[in-house]
Structure formats: C-alpha cells, structure tokens
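This report describes a protein chain together with its ligand. Please look over the sequence and the structure before reading on.

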Amino acid sequence: MTGFCPEPSDDVAEVRDWVHAFARDVIRPAGAEWDEREETPWPVIQEAAKIGLYSLDFFATQWFEESGLALPVAFEEIFWGDAGIGLSIVGTGLAAAALAANGTPDQMGEWLPQMFGTENDVKLGAFCASEPDAGSDVGAIRTRAVRDGGDWVLDGVKTWATNGGIANVHVVVASVDPSLGTRGQASFVIPPGTPGLSMGQKFRKHGIRASHTAEVVLDGVRVPGSCLLGGEEKLEARLARVRNGERAGEQAAMRTFETTRPSVAAMAVGIARAAFEYARDYAREREQFGRKIGENQAIAFLLAEMATRVDMARLLTWRAAWMARNGRQFSQAEGSMSKLVAGETAVWVTEQAIQILGGAGYTREHPVERFHRDAKIYTIFEGTSEIQRLIIGRAVTGLPVR
Ligand SMILES: Cc1cc2nc3c(=O)[nH]c(=O)nc-3n(C[C@H](O)[C@H](O)[C@H](O)COP(=O)(O)OP(=O)(O)OC[C@H]3O[C@@H](n4cnc5c(N)ncnc54)[C@H](O)[C@@H]3O)c2cc1C
C-alpha cells in the first residue's frame, strides 16, 4: 500500500506524456470531423491499437499500477484530446471493468481479450445495464435471465449502451429473481455472434457524438452457464442469503459503477482542462479596447476560478482512485464525490470558455462549443449528479435519504 501523493510517479508521468502526445497529434485533430460524422472513429481506434493504447495490456497495466493514479492520468489526457473519440477508445475499458468486477479469473481470461481484439482486427466491448424504464433506478431492470437446463435465456431491451450492438462482447445485467429487486440481479457475458442479440435504435446525441450509443435488443438470447459472471455457486449462495434476510453484498451493477467512477471523473477533468487552456490562450491573444481581454480582471478572475476548479476536481478524482486501488473504504462516498465535482466542473468550465471566446466560442470554428456539448453527459451517465448527491448524502448522514 502506498500513501496518497498528489503527484504522479515517474512511471505514471512517462505514460502520461506518451498518451498526451497521441491525444495532441492524433485525437485532437480528428475531434471535429468525427463529431460531425457521428460515427465510431474506427481508424483512430485502430491507430490507438497500433501503439498499444487501445489494448487489454494497456488497461490492465494501468489498472494494477500501485498508486491508482495511472488510469485517471491517462484518461485525462485522452479526453483532453477529444471526448467523443476518447469514449470510443475507453468505452471497452468500462465494459471490461464490469466483467472484472464480477467475473471469475477464467471468465476474464476468456472474454477480456475478445473485447479488445488485436491491432489488425480491433473489437469493442459494451456494458448494458440501463433500460427504457430503468435508468437511475437500476432495481427496475426488467430484462430477465431464465435458467433452461445448463443454459440461461435472456429477454429484454437495453438502452443507451455505449458500443451497444457493435461490440464483440456485451456484458448484460439481468434479473434472475424479480421478487428480489436489485439483489436478484446478475451479469452475463453475451459471446460474439450469439443469435437473438441485435442493435435497436442508434441515438443521435447532443455531445460525445463520435461515441456510439444504441439500444440492444435481447430476444431469446441463449448462453451457456459459463456466461454467468461469478458462476452458479456464487449466485446461488447470494440468492440464498437474500432469501434468508441476510445482507447480499453489493449488487452487480452497483459494484461496476463504484470501481469506474473515478475513471469517469478523470474524463470530465480532461474536457475541463482542454477548455480552460483554450480559453486562457485565447484571452492572451484577443484584443479589445486596445488591450488583451485577459488583462481585464473579469476575464483573469474567471480563468483563475476555472484553473482552481479543474485542480479541485482532479485532486478529488486522484484521491478516490488512490482509495479504490489501495483498498480504502469509501466511507463518505468519495468515488461519487469525484464524479459529482468533476462532471459539474466540466460543464461549468466549458461554458465559461465559450463566454471568454465570445461569438467565436459559439461557432464551430473553435472547439469550445464541442467541449461544452461533450461535458454535459458527465452530469448524467454513470449516475446523475442527483444520484451522486443521494449517495453522498446517505453516506454522510447515515440516514436513508430519498
Ligand atoms: C451517451 C450515453 C451513454 C450511456 N452509456 C451507458 C452504458 O454504456 N451502459 C449503460 O448501462 N447505461 C448507459 N447510459 C445510461 C445512463 O447511465 C443513464 O442515462 C443514467 O443512469 C440516467 O438514467 P435515465 O437517463 O433513465 O434518467 P432518469 O433516471 O429517468 O432521471 C431523470 C432525472 O431525474 C432525476 N432523478 C431520478 N431519480 C431521482 C431521485 N431518486 N432523486 C432525485 N433525482 C432523481 C435524475 O437525476 C435526472 O435528473 C448512457 C447514457 C447516455 C446518454
């Protein structure tokens, strides 16, 4: 266990610089084009795969780095480049985290490589929890998984799934015993090409438009028992505990969100930093009334506030990532704190960046309007700001806040 140090180690800094160079040279220049196209940027993902950035090896190495800072540091750089392309590169990582949080070592060994594919044959992973009537309320999930001999058969409709329907491997949260609510849920791997899984509507979005978001329809999807994450015995033991009125431990979807929250926060920090830097550089150059606009306190103080809030969000993110990596309990919902602050910081900072650029900021001649559109999702997905406040409120009061 290492103590918390708000300074990346030399190794982490080296990876940061390497990722930053890719973000600067490849991701940032492609951002506007893929935002307009609203398509998965396969060529960029492929380039990321070629240098080893889009690979199981990269994600696993950063995940297990001892300080816990490696992943948030890398994600901040990728999303500094562009958030839509960024999510296309790291979306598989979120699905992989879902698998790793609930799967056995054998399941990880079998499915994680298939989520990423190879540098010449790139694949994606998708995590499917949300449904039309089950967003914040994951207990309302209606997708059913029913045992049939040694198999499981899944039926239902998932929505807003990042990489949904175009992924090679889908991780699906389903109810195995609806009478138990969230405690009767389990996660399943749906192997490539399984009949019955299809893509429904592809959504057109406000931001992160290079990231594919779609419905996933499960119609009599039959998978072998080995696709139940964690295995039969563990599920049966958990369900028996719940039926006996004992604690069941954390639910499948919740466990995934807890481990991924600081990483999601880091994405928002990257967008916020990109917007701050762009606005700062603009304020140093743009002249009105015979002086740089940055020489007005109104603008300089705004930039000061933006810089401060970006650092604040990053520090909360790194603390939460360090706690998660070093086995510290989130006693005050520190993971949720990081996601809440980083998401709201990204929305606020990107809006101020538009203000500092004035009319230019409102046009597509500059990236800040895109940064602002991209930032908004960070107060919505992986738990809305309201839900983060609910979780933090419950943790700090010890009361069943609703
Ligand atoms: C681009 C995008 C990508 C996504 N990717 C994925 C993915 O890969 N996998 C996946 O499973 N899901 C994904 N999602 C779904 C996302 O996690 C949900 O949209 C999110 O959890 C919110 O659910 P909802 O949209 O149904 O909103 P709702 O739950 O309907 O909430 C609507 C509003 O009501 C508020 N609200 C709800 N309940 C309460 C309460 N108890 N107290 C106070 N306020 C409340 C919310 O905060 C929100 O403001 C994605 C969504 C988007 C838009």
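Which helices and strands each supply at least two residues of the shell around the ligand? They are the strands β3 (125–128) and β5 (151–162) and the helix α13 (385–397). The model is predicted, and the description below follows from its atoms.

**The ligand and its surroundings**

There are 20 residues around the ligand, and S130, S136, W160, T384 and E386 come nearest. By chemical character, the shell consists of eleven nonpolar, six polar and three charged residues. Polar side-chain atoms of particular residues lie at short listed distances from ligand atoms, as the table shows.

| Residue | Ligand atom | Distance |
|---|---|---|
| T384 | oxygen | 2.6 Å |
| E386 | oxygen | 2.7 Å |
| T162 | nitrogen | 2.9 Å |

Each pair in the table joins a ligand atom to an N or O atom of a side chain; for T384, for example, the partner is an oxygen atom of the ligand. Taken alone, the ligand exposes 970 Å², and the protein buries 66% of that area. The size of an interface is often expressed in this manner, as the accessible area lost when the parts come together.

**The domains**

The domain assignment divides the protein chain into domain 1 (10–122), domain 2 (125–244) and domain 3 (252–397). Where does the ligand lie with respect to domain 2 and domain 3? Both of these domains give residues to the shell around the ligand, and therefore the ligand lies between them. The centres of domain 2 and domain 3, taken over C-alpha atoms, are separated by 31 Å.

**The cysteines**

How many disulfides does a search of the whole structure find? The search finds zero. C227 is accordingly in no disulfide, and the nearest cysteine sulfur, that of C128, is 14 Å away. A disulfide requires two cysteine sulfur atoms within 2.5 Å.

Is C227 buried or exposed? C227 counts as buried because its relative accessibility is 1%, and the limit for a buried residue is under 20%. C5, in contrast, is partly exposed, with a relative accessible area of 39%.

**A residue of helix α12**

V368 belongs to helix α12, which covers residues 368–375. With a relative accessible area of 1%, V368 is buried. V368 and S67 are 301 residues apart in sequence, and their C-alpha atoms are 32 Å apart in space.

Definitions and conventions: Residues are numbered from 1 along each chain as its sequence is written. This is a predicted model: local features need pLDDT of at least 70, side-chain atom pairs count only at pLDDT 80 or more; totals for chains, interfaces and linings use all residues. Side-chain values use heavy atoms; hydrogens and water are left out. A residue is near a molecule or strand if one of its heavy atoms lies within 4 Å of it. A polar contact is a pair of N or O atoms within 3.5 Å; within protein, one must be able to donate a hydrogen and the other to accept it, and residues adjacent in sequence count only if both atoms are side-chain atoms. Accessible areas come from the Shrake-Rupley method with a 1.4 Å probe; for residues, only the protein chains shown count as cover. Helices (H or I, at least four residues) and strands (E, at least two) are DSSP runs, numbered from the N terminus. Ala, Val, Leu, Ile, Met, Phe, Trp, Tyr, Cys and Pro count as nonpolar, Asp, Glu, Lys and Arg as charged, and the others, Gly among them, as polar. Domain bounds come from an automatic or database domain assignment. Buried means under 20% relative accessible area, exposed over 50%, partly exposed in between (1.4 Å probe, protein chains only).
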